[in-house]
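Visitor: Could you take me in for a close look at one charged corner of this protein, and then tell me what else along the chain deserves a look? I would like the residues, the distances and how open each site is.

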Amino acid sequence: MPNAAALLAAVRSQARRAAGRAVHQGWRWVQERGAVSNQSPGPYRFHTLGDGSKLAFPLGTVFNEQSISIGPFCIIGERVTMSAGFLPGLDLGPEPVITIGGGCVIGRGSHLVGHQSIVLGDDVWTGPNVYISDQAHEYRDTTLPIGKQWPRNEPVEIGAGSWIGTGAVILPGARLGRNVVVAAGSVVRGEVPDHSVVAGAPARVVRSFSEVEGWQPPFRNEPPQPLPQGVTAEQLRALVGWDLRPPTEG
């Protein structure tokens, strides 16, 4: 028969496991209830919040959302900051300051800080911790602290289908074309042509596409092969070579 110490240790272990399960189940419940959509907007009143779009909970800083437009079927990750203007409670006019197209994915911990105009086309995806702003600090007046100098605004536009890598910074005045790839950690300013890959700080074009030459420099690996239409789950398992079915009990 187990001694009292062993029995007490077993009880404590079971209690810890039960408490852990309860905490995670409770947090999932909070995340589900706290997520923002047009069916469950919570305290937010966006200029537009499209069907099928969801802002994950917990949200980052969000203010003046009446000047933020989010298209349909977007995923906004946890702790994403979206702010329009300097301070909450400003009337910024009837047009949105930040416009996010349909089908966009904004990675967790990212920041969209708009004062004049930030426009993301459809199907723009970002990794986590991306920073996009249309405002820069001035520093030319040596008699004033930089934070007290009047800032400079320049519109930002990111073309449809683009991918912004983890930790990238998109500076005021940046205009990215369609299907642009921004490498992780890049700092982007100025014009970026369609179908380009940019990398570095400051970012420069490292690969581009033309109808005459294709992708230059050429890719070093073969493109992935998409699954044929109509493939069944059994055929997929056979193709992958793994048993993807959940284990059965017993």
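**A linked set of charges**

Guide: Let's start at glutamate 154, a partly exposed residue whose relative accessible area is 31%. Please keep in mind as we go that this is a predicted model. The side chain of glutamate 154 meets that of arginine 152 in a salt bridge, at 3.4 Å from N to O. Arginine 152 counts as partly exposed too, because its relative accessibility is 35%.

From arginine 152 you can step on to glutamate 138, since these two residues also form a salt bridge, with 2.7 Å between the closest N and O atoms. This pair ties together distant parts of the chain: arginine 152 belongs to strand 14, glutamate 138 sits in the loop between strand 13 and strand 14, and 14 residues separate them. To place them by number, strand 13 covers 135-136 and strand 14 covers 152-153.

How open is glutamate 138, buried or exposed? Its relative accessibility is 12%, so glutamate 138 counts as buried; the cut-off that matters here is 20%, since buried means under that value. Arginine 152, at 35%, is on the other side of that cut-off and counts as partly exposed. The bridge therefore joins a buried acid, glutamate 138, to a partly exposed base, arginine 152.

Glutamate 138 has polar contacts with two arginines. One, of 2.7 Å, joins its side chain to that of arginine 140. Another, also given as 2.7 Å, joins the side chains of glutamate 138 and arginine 152. Put the pieces together and you have a network of salt bridges linking Glu138, Arg140, Arg152 and Glu154.

Now for the wider setting. The whole structure holds 8 salt bridges. One that makes a good companion to the network is the bridge between arginine 175 and glutamate 191, where the closest N and O atoms are 3.7 Å apart. Here again distant parts of the chain are linked: arginine 175 is in strand 18 (residues 175-176) and glutamate 191 is in strand 21 (residues 191-192), 16 residues apart. Arginine 175 is partly exposed, because its relative accessible area is 38%, while glutamate 191 is exposed at 63%, a value over the 50% cut-off for that class.

Some charges gather without such partners. Arg12, Arg16, Arg17 and Arg21 form a positive surface patch, and the residues of a patch have no salt bridge. Arginine 21, one of the four, is placed in helix 1, which covers residues 4-34.

For a nonpolar counterpart, turn to Phe86, Leu87 and Leu90, which make a surface patch of about 290 Å². Phenylalanine 86 is in the loop between strand 6 (81-84) and strand 7 (98-100). With a relative accessible area of 48%, phenylalanine 86 is partly exposed, so it clears the over 30% that a patch residue needs.

Finally, let's follow the backbone. Most residues other than glycine have a negative phi, and most peptide bonds are trans. Asparagine 129 has a positive phi, near 60 degrees. This asparagine 129 lies in the loop between strand 11 (125-126) and strand 12 (131-133), and its relative accessible area of 47% makes it partly exposed. Histidine 195 also has a positive phi, near 55 degrees. You will find histidine 195 in the loop between strand 21 and strand 22, and at 30% relative accessibility it counts as partly exposed. Strand 21 may sound familiar: glutamate 191, of the bridge to arginine 175, is in that strand.

Two peptide bonds are worth a stop as well. The one from alanine 201 to proline 202 is cis, with omega near 0 degrees; proline 202 is in the loop between strand 22 (196-200) and strand 23 (203-210). The bond from glutamine 216 to proline 217 is cis too, with omega near -5 degrees. Proline 217 is placed in the loop between strand 24 (214-216) and helix 2 (233-240).

If you go back to the corner where we began, trace it from the partly exposed glutamate 154 through arginine 152 to the buried glutamate 138, and then across the polar contact to arginine 140.

Note on methods. Residues are numbered from 1 along each chain as its sequence is written. This is a predicted model: local features need pLDDT of at least 70, side-chain atom pairs count only at pLDDT 80 or more; totals for chains, interfaces and linings use all residues. Side-chain values use heavy atoms; hydrogens and water are left out. Patches are made of residues with over 30% relative accessible area and no salt bridge: like charges are joined within 9 Å, nonpolar side chains (Val, Leu, Ile, Met, Phe, Trp, Tyr) within 5 Å. Accessible areas come from the Shrake-Rupley method with a 1.4 Å probe; for residues, only the protein chains shown count as cover. A salt bridge is a side-chain nitrogen of Lys or Arg within 4 Å of a carboxyl oxygen of Asp or Glu. Lys and Arg count as positive and Asp and Glu as negative; His and the chain ends are not counted. The place of a charge is taken as NZ of Lys, CZ of Arg, CG of Asp or CD of Glu. Helices (H or I, at least four residues) and strands (E, at least two) are DSSP runs, numbered from the N terminus. Buried means under 20% relative accessible area, exposed over 50%, partly exposed in between (1.4 Å probe, protein chains only). A polar contact is a pair of N or O atoms within 3.5 Å; within protein, one must be able to donate a hydrogen and the other to accept it, and residues adjacent in sequence count only if both atoms are side-chain atoms.
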